Amino acid sequence: MSTTPPNQPSVRPDRPGNPAAKTDVEPPFEEQLRAIWEKKENRTTVFFGCAVVALAIIGWYGYKAFAAQRESEIESAYSAAVIPARLHAFTQDNKGHPLAGAAYLKLADDAYTAGNYDAAFGDYDKAATALPGTPFASRALLGKAVCQVRSGKITEGSTALRQLAEDAAQLKTVRCEAAYHLATLAFDAGNFDDVTKLADLIMQVDAGGLWAQRAIQLRIRVPVTAAPGIIAPAPGQIMPPVSLPRPGS
């Protein structure tokens, strides 16, 4: 007869719960980490990784310091470029830098003031290319258009001016100045209906701006036959042409 108690399974060597059976107990995490660290190749890998990270951090801060120093030098060179020759040299030495675009814009303004519209056109073009997406680029495009008008390329210049005047994405001042230049051309050509329309456009865009005041003064000079309600000039009075101001002035 079996001596095993009822409902009590026999203990077998290969079953769990047998004190004599071998079990695999996972060591604590700290012990595993210490075992990994004690291996020389692992320590070398860790030291190498830390060195790489440290060098990357040092290199990043070194680059930032170098860039800041370089930027300071460029700004100082731009401030010292007070004559055209130095400005030209600055643009060649710092191609791609925004201040090179600013130098081109200054060269263009100086050339325009001197009446050298071909040179001004070229420098305005370079300024627009060097300063994309900025208000300075818009002013440079405006300068190019006015230079074309001044050089006798009325059709090309008028087309460029109209594009700027009708572009709602442009700054108000750029749109209004472009429209005013068109209005002066229309006035000199005797197209007084266009003068009125362009003056109205300026008033719609920026009624309180400088160009609105100029547009009002220009519109007042329109003969009464072209703009009912406007005081006509005295008999025999010659309407003098309207001069184009420097772009941005």
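# Notebook: a helical chain, starting from Ala179

**Entry 1, one residue.** I began with Ala179, which counts as buried because its relative accessibility is 0%, and the cut-off for buried is under 20%. I note at once that this is a predicted model, and that every value here is computed from it. Ala179 is found in helix α8. When I left aside its neighbours within four places in sequence, I found Ala179 in contact with Ala165, Leu198, Leu201 and Ile202. I also looked up how Ala179 stands to Gln163: the two are 16 residues apart in sequence, and their C-alpha atoms are 9.6 Å apart in space.

**Entry 2, the whole chain.** I then stepped back and looked up the secondary structure, and I found 10 helices and zero strands in the protein chain. The chain has 249 residues, of which 31% count as buried. I looked up the contacts between residues at least 6 apart in sequence, and 45% of these join residues at least 24 apart. The exposed area of the chain is about 16100 Å², and carbon and sulfur atoms supply 60% of it.

**Entry 3, confidence.** Before going further I checked how far the model can be trusted, and the mean pLDDT of the protein chain is 77, with 61% of residues at 70 or more. Among the helices I noted α1 (residues 29–38), where confidence is lowest at a mean of 61, and α7, where it is highest at 96. Over residues 226–242 the pLDDT is below 50, although this stretch has 25 contacts in the model beyond near neighbours in sequence. I keep in mind that where pLDDT is low, the predicted coordinates should not be read in detail.

**Entry 4, helix α7.** I turned next to α7, which has 12 residues and reaches 16 Å from its first C-alpha to its last, close to the 16 Å expected at 1.5 Å a residue. Which residues of α7 are buried? I found Gly157, Ser158, Leu161, Leu164 and Ala165. Seen down the axis of α7, these buried residues fall within an arc of 125 degrees, so they line one face of the helix. I recalled that an α-helix has 3.6 residues a turn, so residues three or four places apart point the same way. On the other side of α7, I found Thr155 and Gln163 exposed. The buried residues of α7 pack against α6, α8 and α9.

**Entry 5, helix α9.** I looked up α9 in the same manner, and its 14 residues reach 20 Å from first C-alpha to last, close to the 20 Å expected at 1.5 Å a residue. The buried residues of α9 are Phe192, Val195, Thr196, Leu198, Ala199, Ile202 and Val205, and they pack against α7, α8 and α10. Two of the names in that list, Leu198 and Ile202, I had already written down as contacts of Ala179.

**Entry 6, the cores.** Last, I looked up where nonpolar residues gather, since in soluble globular proteins nonpolar side chains tend to be buried together. The largest nonpolar core has 39 residues, and those with the most contacts inside it are Tyr124, Leu161 and Ile202. The elements giving two or more residues to this core are α4 (98–113), α5 (117–130), α6 (135–150), α7 (154–165), α8 (172–188), α9 (192–205) and α10 (210–220). Its largest share, 10 residues, comes from α8. I also noted a second, separate core of seven residues, which includes Ile74, Ala81, Phe90 and Leu107.

Technical notes: Residues numbered from 1 in each chain as written. Predicted model: local features only at pLDDT ≥ 70, side-chain atom pairs only at ≥ 80, totals over all residues. Heavy atoms only, no water. Buried < 20%, exposed > 50% of the residue type's maximum accessible area, 1.4 Å probe, protein only. Contact = heavy atoms within 4.5 Å. Areas by Shrake-Rupley, 256 points an atom, 1.4 Å probe, with all protein chains shown as cover. Core = buried A, V, L, I, M, F, W, Y, C linked by side-chain atoms within 4.5 Å. Expected span 1.5 Å × (residues − 1). Arc of directions from axis to C-beta. pLDDT = per-residue confidence, 0-100.
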